[in-house]
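Welcome! Take a moment to look over the sequence and the fold, and then let us walk through them together.

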Amino acid sequence: MSWLKNLKPGGKPEPEKPQQETYPLVARQVWCAVCNAYTTFTRVWRRAALVRKCSCCGMVFEDPELLYKHFQPACPHCREPLEQPNFDYGFCDRCGSKFELMEGAKPGLLPNKRQRDEMDKHGKSWSYS
Ligand SMILES: [Zn+2]
Ligand SMILES: [Zn+2]
């Protein structure tokens, strides 16, 4: 079974390590427009790279750069808003809504599937601001 040993990396840095897409950030207090209150956001992160796979429907984007040419990039299949590099995002602990967190600005809601369906029903469209 000597070949098994050869497969071990042996402490060397792994080649072809995929680029880390997001970096976790510390929890913070954020104004949640859905709860209409300041709530704690425990899951907060900064996106570093383009979204290559839809977190909602699982669709793999063959050419994400093309989607990001739009002002508000979204999944062409289910319209899930795509996170943009160098922006912070987080989930409201209380209602689970996802927000884009901008320094010195109101957090922008990124509606999930259920929220998008709800808005469609009422004939409303959504935007980041
Ligand atoms: Zn999708
Ligand atoms: Zn909330």
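A good place to begin is the inside of the protein. In this predicted model, the largest nonpolar core is made of 9 residues: Val30, Cys32, Phe41, Tyr89, Cys92, Phe99, Leu101, Leu109 and Leu110. Three strands each give at least two residues to this core: E2, strand E6 (98-101) and strand E7 (108-110).

With the core in mind, step back to the chain as a whole. The protein chain contains 7 strands along with 3 helices. If you follow the sequence from start to end, these elements come in the order α-β-β-β-β-α-β-β-β-α. Of the 129 residues in the protein chain, 16% are buried. How much of the contact pattern comes from residues 24 or more positions apart? Such pairs account for 44% of the contacts in the protein chain that have a separation of 6 or more.

Now let us return to one of the core residues, phenylalanine 41. Setting aside neighbours within four places in sequence, phenylalanine 41 is in contact with Ala27, Arg28 and Val30, and also with Gly90, Phe91, Cys92 and Asp93. Two of these partners, Val30 and Cys92, are listed in the core as well.

Next, find the strands E2 (residues 28-32) and E3 (residues 37-41). They run antiparallel and are joined by 5 bridges. Within this pairing, valine 30 of the core stands opposite threonine 39 in E3. The two strands, E2 and E3, form a hairpin, with 4 residues lying between them.

That turn holds a residue worth a closer look. Asparagine 36 sits in the loop between E2 and E3, and its phi is near 60°, a positive value in a residue that is not glycine. Is asparagine 36 buried or exposed? It has 9 other C-beta atoms within 10 Å, and because a count of 12 or fewer marks a residue as exposed, asparagine 36 is exposed.

Another asparagine invites the same kind of visit. Asparagine 86 is found in the loop between helix H2 (64-67) and strand E5 (88-91). Although asparagine 86 is not a glycine, it has a positive phi of about 75°. Asparagine 86 counts as exposed because it has 7 other C-beta atoms within 10 Å.

To retrace the tour, start from the core with its 9 residues, follow E2 into its hairpin with E3, and finish at asparagine 86 in its loop between H2 and E5.

Terms used: Residues are numbered from 1 along each chain as its sequence is written. Chains are lettered from A and ligands numbered from 1 in the order in which they are written. This is a predicted model: local features need pLDDT of at least 70, side-chain atom pairs count only at pLDDT 80 or more; totals for chains, interfaces and linings use all residues. Two strands pair if DSSP finds at least two bridges between them. A residue is buried if 20 or more other C-beta atoms lie within 10 Å of its own, exposed if 12 or fewer, and partly exposed in between; C-beta atoms are placed from the backbone. Two residues are in contact if their C-beta atoms, placed from the backbone, lie within 7 Å. A nonpolar core is a set of buried Ala, Val, Leu, Ile, Met, Phe, Trp, Tyr and Cys residues joined through C-beta atoms within 7 Å.
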